Amino acid sequence: MDKYSFEIFVPEKPKKNNKQIAKVILSFLAVTVISFVFLELNVFKNQTYYYIFIGLLATAVAYWNGYFKKPSTELKGNFDGKLTFSNEGISVKNQFYPINELYSIIIDNKDYKGKSVKEFGEFDNPNGSHGISNLITLKTKDNQFVEVYFLQKSLSESSKIESFLIQYYKSNLLSEDDLISIMHLEYDIDKNELRKKLR
């Protein structure tokens, strides 16, 4: 195989939501005023009841502000072009970065399509991850930084670029530890096999 490509993902830029900001400020002011009034009027003779009331009020405000809303599984962004690995270098869309012009490569590729992700911190999202939180950072010898998110369809997809990664290692752009991390090698037997290929 002379090259292998991943789809580039461009995340949507977060929009300023003035309505949401105003809602949070109003909520904070309302909780402050209600707390102050209840304290001044001595509505609760027992402090425990007061704390329970404030807890319930804060929960109601958090619910109103959407903190308990189910996270959206909608893809926030779009696919635009290809990230292509080859022995000669790396292409990002139509821009080619030859090995001899690169200073370093950093690849964080722990996400993949269908990977188990949590909703509300404890329940698995039935659809899993979109697999688009993988990031490659290229630093060129003229001090440019190129960061690109890309789609990984499975955790083992990185094995398809193994020969290119070894080429980058031999060009001092990646370390042995980098390769082990990118290739997701856990067992000593797999690490030793990789070391043989690096000789």
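Is Phe-38 buried, partly exposed or exposed? Start with this residue, then work through the rest of the predicted model.

**Exercise 1. Place Phe-38 and classify its exposure.**

Step 1. Locate the residue. Phe-38 sits in helix α1, which spans residues 18-40.

Step 2. Take its relative accessible area, which is 24%. The buried class lies under 20% and the exposed class over 50%. Phe-38 is therefore partly exposed.

Step 3. List its contacts, leaving aside neighbours within four places in sequence. They are Val-43, Phe-44, Tyr-50 and Phe-53.

Step 4. Check one of these by backbone distance. Phe-38 and Tyr-50 are 12 residues apart in sequence, and their C-alpha atoms are 8.4 Å apart.

**Exercise 2. Describe the overall fold of the chain in numbers.**

Step 1. Count the elements. The chain has 5 helices and 9 strands.

Step 2. Read them in order. The pattern along the sequence is β-α-α-β-β-β-β-β-β-β-β-α-α-α.

Step 3. Assess burial. The chain has 199 residues, and 31% of them count as buried.

Step 4. Assess the surface. The accessible surface is about 13600 Å², with 55% of it belonging to carbon and sulfur atoms.

Step 5. Assess contact range. Take contacts between residues at least 6 apart in sequence: 62% of them join residues at least 24 apart.

**Exercise 3. Work out how strands β1, β2 and β3 are joined.**

Step 1. Begin with β1 (residues 3-11) and β2 (residues 77-86). These strands run antiparallel and are joined by 8 bridges.

Step 2. Fix the register. Ser-5 stands opposite Thr-84 in β2.

Step 3. Move on to β3 (residues 89-92). It runs antiparallel to β2, with 3 bridges between the two. Here Phe-85 stands opposite Ile-90.

Step 4. Inspect the connection. β2 and β3 form a hairpin, and 2 residues lie between them.

**Exercise 4. Characterise the ring pair of Phe-85 and Tyr-168.**

Step 1. Choose the descriptors. A pair of aromatic rings is described by the distance of the centres and the angle of the planes.

Step 2. Set the scene. The structure holds 5 aromatic pairs.

Step 3. Apply the descriptors. For Phe-85 and Tyr-168 the centres are 6.4 Å apart and the planes make 35 degrees, a tilted pair.

Step 4. Map the pair onto the fold. Phe-85 is in strand β2 and Tyr-168 in helix α3, so the pair ties together parts that are 83 residues apart in sequence.

Step 5. Check burial. Phe-85 has a relative accessible area of 0% and is buried. Tyr-168 is buried too, at 1%.

Step 6. Extend the view. Ring pairs link Phe-85 and Tyr-168 with Tyr-4, Phe-6 and Phe-150 into a cluster.

**Exercise 5. Identify the hubs of the largest nonpolar core.**

Step 1. Size the core. It has 31 residues.

Step 2. Name the members that touch the most others. These are Leu-83, Phe-85, Ile-105, Ile-136, Leu-138, Leu-165 and Tyr-168.

Step 3. Find the main contributor. The largest share of this core, 4 residues, comes from α3.

Step 4. Follow one hub outward. Beyond neighbours within four places in sequence, Leu-165 is in contact with Ile-107, Leu-174, Leu-179, Ile-182 and Met-183.

**Exercise 6. Explain why Glu-162 counts as buried, and find its polar partner.**

Step 1. Place the residue. Glu-162 belongs to helix α3, residues 162-170.

Step 2. Compare with the cut-off. The buried class is under 20%. Glu-162 is at 18% relative accessibility, so it counts as buried.

Step 3. List its contacts, again without neighbours within four places in sequence. Glu-162 is in contact with Met-183, Leu-194 and Lys-197.

Step 4. Pick out the polar partner. The side chains of Glu-162 and Lys-197 are joined by a polar contact of 2.8 Å.

**Exercise 7. Examine the positive phi angles of Lys-93 and Asn-143.**

Step 1. Recall the background. Most residues other than glycine have a negative phi.

Step 2. Take Lys-93. Its phi is positive, about 55 degrees, although it is not a glycine. Lys-93 lies in the loop between β3 and β4. At 41% relative accessibility, Lys-93 is partly exposed.

Step 3. Take Asn-143. Its phi is also positive, near 65 degrees. Asn-143 lies in the loop between β8 (134-140) and β9 (145-150). At 56% relative accessibility, Asn-143 counts as exposed.

How values were computed. Residues numbered from 1 in each chain as written. Predicted model: local features only at pLDDT ≥ 70, side-chain atom pairs only at ≥ 80, totals over all residues. Heavy atoms only, no water. Pairing = 2+ DSSP bridges. Buried < 20%, exposed > 50% of the residue type's maximum accessible area, 1.4 Å probe, protein only. Polar contact = N/O pair within 3.5 Å; in protein donor to acceptor, adjacent residues only side chain to side chain. Contact = heavy atoms within 4.5 Å. Phe/Tyr/Trp six-rings, centres within 6.5 Å; stacked < 30°, edge-to-face > 60°. Core = buried A, V, L, I, M, F, W, Y, C linked by side-chain atoms within 4.5 Å. Areas by Shrake-Rupley, 256 points an atom, 1.4 Å probe, with all protein chains shown as cover.
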